[in-house]
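Trainee: I am new to this structure. Please take one part of it and go through that part closely.

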Amino acid sequence: MKIVVCVKHVPDLQAERRFTDDGRVDRGQGDGTLNELDENAVEAAVALVEAHGGEVVVLTMGPEDAEDAVRRGLQMGADTAVHVLDAAIEGSDAFGTAEVLAAAVRAIGAEGPVDLVVTGMASLDGLMSVVPSLLSAHLGLPQATLAAELTVDPEARTVRVRRELDHATEVLEASLPAVVSVTDQANEPRYPSFKGIMAARKKPVVTWTLADLGVDPSDVGEAGARTRVLEATPRPPREDRVLITDDGDAGLRLAAYLVENRLV
Ligand SMILES: Cc1cc2nc3c(=O)[nH]c(=O)nc-3n(C[C@H](O)[C@H](O)[C@H](O)COP(=O)(O)OP(=O)(O)OC[C@H]3O[C@@H](n4cnc5c(N)ncnc54)[C@H](O)[C@@H]3O)c2cc1C
């Protein structure tokens with residue numbers, strides 16, 4: 001089985017965030033990291049390959065330091081990595097992102113058919129959760145989003161997912177190849193072992209440009225963006241905080257606060 005996992009390099013959300021003049025997240029602070037929710041996608045793919053055999057390719061689109069995101073995937077057990085790097089992709093919206101990722105999945109498929117594309121449930125900086133669906137539309141593949149559990153039957157060539165909805169649990173089955181996004185309930189991502197970290201240094205990261213993928217630069221990046229950020233303002237710090245210092249009765253005071261404010 002050949003599984004492609006899409007992983008995004010995002011700014012560290014624990015650090016203070018700044019916005020550019022045109023309302024986008026300032027990504028030039030050099031504190032990027034692998035989108036935490038994509039670790040669940042890598043874990044799902046690596047576990048499937050451990051169970052059924054095959055290979056995992058981690059794929060990212062982003063600036064130079066986005067290579068850190070695929071490196072982390074390699075440390076977790078992916079076999080190879082692809083980084084789409086091109087000045088023209090800067091400013092891509094979700095449509096442009098999905099177009100480029102789809103072209104890269106097709107190019108990976110040209111070297112041996114792809115059975116499954118796995119993504120995270122959302123990127124922690126954009127939080128749109130639309131890339132998996134757009135990707136499946138571009139590739140003409142079935143999609144099963146927000147999987148809390150993911151199993152594959154390689155003989156029947158099917159993928160089965162469990163989705164936890166508000167009032168029901170849904171089980172969906174799709175034929176392979178398919179696109180699946182996984183939630184943070186799907187698994188507990190492994191922490192890379194020392195051996196995994198050392199092995200990842202020797203694993204290949206292939207870099208492709210838009211020209212390599214046959215993507216027209218005017219379709220993507222700022223030039224091709226179909227959406228525009230009108231405004232972005234940092235959330236003001238909360239002023240209604242109540243700080244309870246524990247002098248031995250913090251539990252009682254917390255309970256009293258909740259009762260007083262009708263929060264319980
Ligand atoms: C006008 C405009 C300009 C923008 N400019 C930039 C920019 O310059 N740089 C930038 O990084 N973002 C930019 N963004 C944000 C960018 O469009 C979104 O982050 C991106 O399209 C994906 O949406 P999302 O992050 O909400 O992903 P979601 O749909 O929430 O992501 C779901 C999953 O898709 C996969 N995925 C998403 N993005 C990538 C990726 N790049 N590589 C691999 N896998 C991925 C991951 O598995 C992720 O968990 C811009 C947005 C707008 C509207």
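**A helix, a core and a ligand shell**

Mentor: Start at Leu254, which sits in helix α8, residues 250-260. The model is a predicted one. Leu254 counts as partly exposed because 13 other C-beta atoms lie within 10 Å of its own, while a buried residue needs 20 or more. Asn40 is 214 residues from Leu254 in sequence, and their C-alpha atoms are 35 Å apart in space.

Now turn to helix α4, residues 131-139. Its buried residues are Val131, Pro132, Leu134, Leu135, Ser136 and Leu139. Among the elements that cover them are α3, β6, β7 (143-147) and β11 (178-182). Just after α4, Gly140 has a positive phi of about 65°.

Next comes the nonpolar core. In soluble globular proteins, nonpolar side chains tend to be buried together. The largest nonpolar core here holds 67 residues, and Val5, Val58, Ala104 and Val180 have the most contacts inside it. Helix α3 contributes the most to this core, with eight residues. Leaving aside residues up to four places away in sequence, Ala104 touches Leu59, Val82, Val84, Trp208 and Leu213.

Last is the ligand. It is surrounded by 35 residues, of which Thr119, Gly120, Ser123, Gly126 and Met128 are the closest. The elements giving two or more residues to this shell are α1 (36-52), β4 (55-61), α3 (94-110), β6 (116-120) and α4. By class, the shell has 15 nonpolar, twelve polar and eight charged residues. Helix α3 thus appears in the shell around the ligand, in the largest core and in the cover over α4.

Technical notes
Residues numbered from 1 in each chain as written. Predicted model: local features only at pLDDT ≥ 70, side-chain atom pairs only at ≥ 80, totals over all residues. Near = placed C-beta within 6 Å. Helix = DSSP H or I, 4+ residues; strand = E, 2+ residues; numbered from the N terminus. Nonpolar A, V, L, I, M, F, W, Y, C, P; charged D, E, K, R; others polar. Core = buried A, V, L, I, M, F, W, Y, C linked by C-beta atoms within 7 Å. Buried ≥ 20, exposed ≤ 12 C-beta atoms within 10 Å, placed from the backbone. Contact = placed C-beta atoms within 7 Å.
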